Amino acid sequence: MSARAGRLFLVAAASLLGAVAPLGCQTVDLGAPPADVNLCEPSQKFFVESIWPMFLGNDYNGKHCYDSGCHGSGSTTAMTLTNPSQATPDLTMPLPADWAADYAQATHRMNCADPLDSDLLIYPQNRVPHGGGMLIMPTGPEATLVSNWITAP
């Protein structure tokens, strides 16, 4: 390529880039930012005193969420629970490891911006296919418990 042809090529390329550049990167509105993942920290006390005994540790026609065939140890499901070794821990100190693990598993399935749309509820309500089928009703006491959980002191 001659020097003159090379210069013409560069001028043409620069002109083309100048014409395309304004069309390139425009600002895109992504909408409102998502809710902060740490929007709420549900009460450990409420978990121990209400969520566990009246929901996750409850008996559903002979089945428990923490059973090995459901969400117990060795389970291949996303949520794994244990049956805590002590009935009610001393809430003046950090939770014992088994209670803390169950609390973490439950809170990771919370939608604090919309508690009634939490995985913690939509699976056992069978709104999303659940291996255990429908265990709780969408308007049942468990839904009220989970809603109250995020506002408990």
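## Reading a predicted helical model

Modeller: Start with one cysteine. C65 is buried, at a relative accessible area of 9%. Keep in mind that this is a predicted model.

Colleague: Which cysteine sulfur is closest to the sulfur of C65?

Modeller: The general idea comes first. A disulfide calls for two cysteine sulfur atoms within 2.5 Å. Here, the closest cysteine sulfur to that of C65 sits in C70, 7.2 Å away, and that is too far for a bond. C70 is therefore in no disulfide either, since its nearest cysteine sulfur, that of C65, is 7.2 Å off.

Colleague: How many disulfides does the count give?

Modeller: Zero.

Colleague: How does C70 count by accessibility?

Modeller: Buried means under 20% relative accessible area, and exposed means over 50%. C70 comes to 25%, so C70 counts as partly exposed.

Colleague: Let me step back. How many helices and strands does the protein have?

Modeller: Five helices and zero strands. Read from the N terminus, the order is α-α-α-α-α. The protein has 153 residues, and 32% of them count as buried. It exposes about 9,800 Å², with 60% supplied by carbon and sulfur atoms.

Colleague: What do the contacts say about sequence distance?

Modeller: Take contacts between residues at least 6 apart in sequence. Of these, 51% join residues at least 24 apart.

Colleague: Now a helix. How do I check α2 against a straight one?

Modeller: Compare spans. A straight helix of 13 residues would cover 18 Å. Helix α2, residues 44–56, spans only 14 Å between its end C-alpha atoms.

Colleague: Where in α2 does the kink lie?

Modeller: At S50, shortly before the proline P53. The kink is about 35°.

Colleague: What caps the N-terminal end of α2?

Modeller: S43 does. One of its side-chain oxygens lies 3.2 Å from the backbone nitrogen of K45.

Colleague: How do I read the buried side of a helix?

Modeller: An α-helix has 3.6 residues a turn, so residues three or four places apart point the same way. In α2, the buried residues are F46, F47, V48, S50, I51, W52, F55 and L56.

Colleague: What covers the buried residues of α2?

Modeller: The cover includes α3 (97–107), α4 (119–122) and α5 (141–149). For a long-range pair, look at A100 in helix α3. A100 and V48 are 52 residues apart in sequence, yet 9.8 Å apart C-alpha to C-alpha. A100 itself counts as partly exposed, at 30% relative accessibility.

Colleague: Loops next. Is H64 buried or exposed?

Modeller: H64 lies in the loop between α2 and α3. H64 has a relative accessible area of 18%, so it falls under the 20% cut-off and is buried.

Colleague: Which residues does H64 touch, not counting those up to four places away in sequence?

Modeller: G57, N58, D59 and C70. You met C70 above. H64 and L81 make another pair to look at: 17 residues apart in sequence, 10.0 Å apart C-alpha to C-alpha.

Colleague: Where is S118, and is S118 buried or exposed?

Modeller: S118 sits in the loop between α3 and α4. S118 is buried, at 1% relative accessible area.

Colleague: What lies 2.8 Å from a polar side-chain atom of S118?

Modeller: The backbone oxygen of P115. Leaving out residues up to four places away in sequence, S118 touches R109, M110 and N111.

Key: Residues are numbered from 1 along each chain as its sequence is written. This is a predicted model: local features need pLDDT of at least 70, side-chain atom pairs count only at pLDDT 80 or more; totals for chains, interfaces and linings use all residues. Side-chain values use heavy atoms; hydrogens and water are left out. Helices (H or I, at least four residues) and strands (E, at least two) are DSSP runs, numbered from the N terminus. The expected span of a helix is 1.5 Å times one less than its number of residues. The bend at a residue is the angle between axes fitted to the seven residues ending there and the seven starting there. Buried means under 20% relative accessible area, exposed over 50%, partly exposed in between (1.4 Å probe, protein chains only). Contact means heavy atoms within 4.5 Å. A polar contact is a pair of N or O atoms within 3.5 Å; within protein, one must be able to donate a hydrogen and the other to accept it, and residues adjacent in sequence count only if both atoms are side-chain atoms. Accessible areas come from the Shrake-Rupley method with a 1.4 Å probe; for residues, only the protein chains shown count as cover.
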